[in-house]
Amino acid sequence: MKSSESALKFSLKLFALFTLLFFQACLRDDFSKLSETQWSPDLAFPIVNSEMSVNDILIQDKSPTVIDADLSGLVRIIYDSDNYSNTAENLIILPSGESNQVLNLSPQTIQTFENNQNIGFTVTDSITYQFSYPISSAIDAGASIDTIFFKSGIFNFILSSTITQNTEVRIEIPQLFLQNEPFVHTHTFLSGGIPDQAINISRNLTSAYLLPGVTEQIEVKLRFTIERTNASSLPLNGALDTESSFSNPEFRKLSGNFGDFQMPFITNDTLQLRIFRNAISAQNLSFQNAETTISIQNSTGIQANYNLLSVNGFRNNAFIPNLDISAYSFPQTIFPQSSIQSAPSQQDYLFDANNSNLEDMINLFPRFITREENYSLQGNTVQNQFLSDISSIRIYQKLILPLNGITLDLQLRDTIEFNFDAINRNIEELLLRLNIDNGFPVGGLLQVYFAYQNENIPGSNPLIVDSLYTQGNLVVMEAPEIDSNGEAQGTAKQITDAVINSAKWLKLKDNNCNRILINARLTTSDLGTLDVRVLDNNLLTIRIGARIKLSTTF
């Protein structure tokens, strides 16, 4: 809508300011010697020049509603709902794998080194140990993950030595791959007879991967060469000390078997059908060619089973039958995504007049549509499954209501704030002129109420003080001519006046009115029985002007 009641407030405030300035100007001159005079000026000014399209008449708030048009211009109302699980990266937190190992040289190596005191003499030795990386504890006890592809994180490895000889150490972790090569690092401790030296090795895990294996034990291989540089002996215990950990690891992909891992929904999926603004009742509301599609998207590499139990419609004090879903046999298999680079696997279930009672359900005007459903991942069926960091299950429903073949007999109410205090009390007459140019294939009856609402009590109902029209004299908004296709031909033009006299105006002022309630009954032709088509170029233009006659004595 291009204008609203705010324009009326602005115009009336402008008029009130003009009136105040006029009387202040009059006070500058002395009229005391003149006889008392009754002055009744007329002031006229425009208030509203409004043009409404289908987007202004159909409500879209509190629902992800889309109003669009097809290639023929036919307007469609599209309701969307989305129910989805958390992503895998929010459900699976990789372990840090912290480990601390104290390592001893073999007795044979120590004895061999002690038996030869020649400077430059060397011995070699190797130590292999394992540390735990319990990835299944983050997924499911029955999971068996063969590969972790990292997205980010740091691998830290600290090696300390108490050997007081030159010592070259080669560190290898065969299950950790960096740039497609197993982790290998070589370092030489040039002791010079100084014990307790240490190195800190850090590796970025971006694009790295880890093979935890069935046992979830990560193997570390140390091979070292010791060169005698002095007469010191090798330590019998604690020659080497290692600390390792994964800092803030995040995965890009996990592959293997996921046991009974599940991804519960984090949303409550409800379609909220708010078609017309502030609907009070619907004697007749009929759509043709309505359809709804329930789509299940699986962006995991795990097969899922989906079970739709019921689709239910709700409206207060109304019985609305459940949707007949027998066209499909549930539960249904939802295939896994084929690869991390591919689009999610999707299965669609369409319900329309050909395979269900959808139109019967919709034409009873439900306010909400909900689903009872469940799904489960079949993570223990095969080994070569995967989860990416953004893997999730999404269940999406779209309801399309084409405004084609629609019949309508609907009661509506709208509430507008109105500042009555902006207008002077000394009004002899207030005339409102409505100039209506209707291009929609619908007519109606309009009534206007004036009310007081206590703004200190949130949610309180307005108290009606008076109405603009007397019973039996409501404004008739005429519909244009309708052709055989149900489309409006041209527009229906009309002008109507409404008068508020001085007594009614004082009544509204004295009762502190601050709301205007517009009550309308919208009806398609032939008392709501003629099918019509609403097009995107249908417009309703309303121009409102006001004439105020003041009664002033001076």
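**Group meeting: a chain of many strands**

The accessible surface of the protein chain comes to about 27200 Å², and 49% of that belongs to carbon and sulfur atoms, with areas taken from the Shrake-Rupley method using a 1.4 Å probe and, for residues, only the protein chains shown counting as cover. Please keep in mind that this is a predicted model, in which local features need pLDDT of at least 70 and side-chain atom pairs count only at pLDDT 80 or more, while totals for chains, interfaces and linings use all residues. Residues are numbered from 1 along each chain as its sequence is written, and side-chain values use heavy atoms, with hydrogens and water left out.

The protein chain has seven helices and 34 strands, both being DSSP runs numbered from the N terminus, with at least four residues of H or I for a helix and at least two of E for a strand. Of the 554 residues, 47% are buried, where buried means under 20% relative accessible area, exposed over 50%, and partly exposed in between (1.4 Å probe, protein chains only).

Let me turn to strand β6, residues 122-132, where Val123, Asp125, Ile127, Tyr129 and Phe131 point to one face and are buried, whereas the side chains on the other face, among them Thr124 and Thr128, are not. In a regular strand the side chains alternate between the two faces of the sheet. β6 pairs with β12 (residues 217-227) in the antiparallel sense over eleven bridges, pairing requiring at least two DSSP bridges between two strands, and Thr128 stands opposite Lys221 in β12.

Finally, Asn363 sits in the loop between α5 (358-362) and β20 (368-377), and counts as partly exposed because its relative accessibility is 21%.
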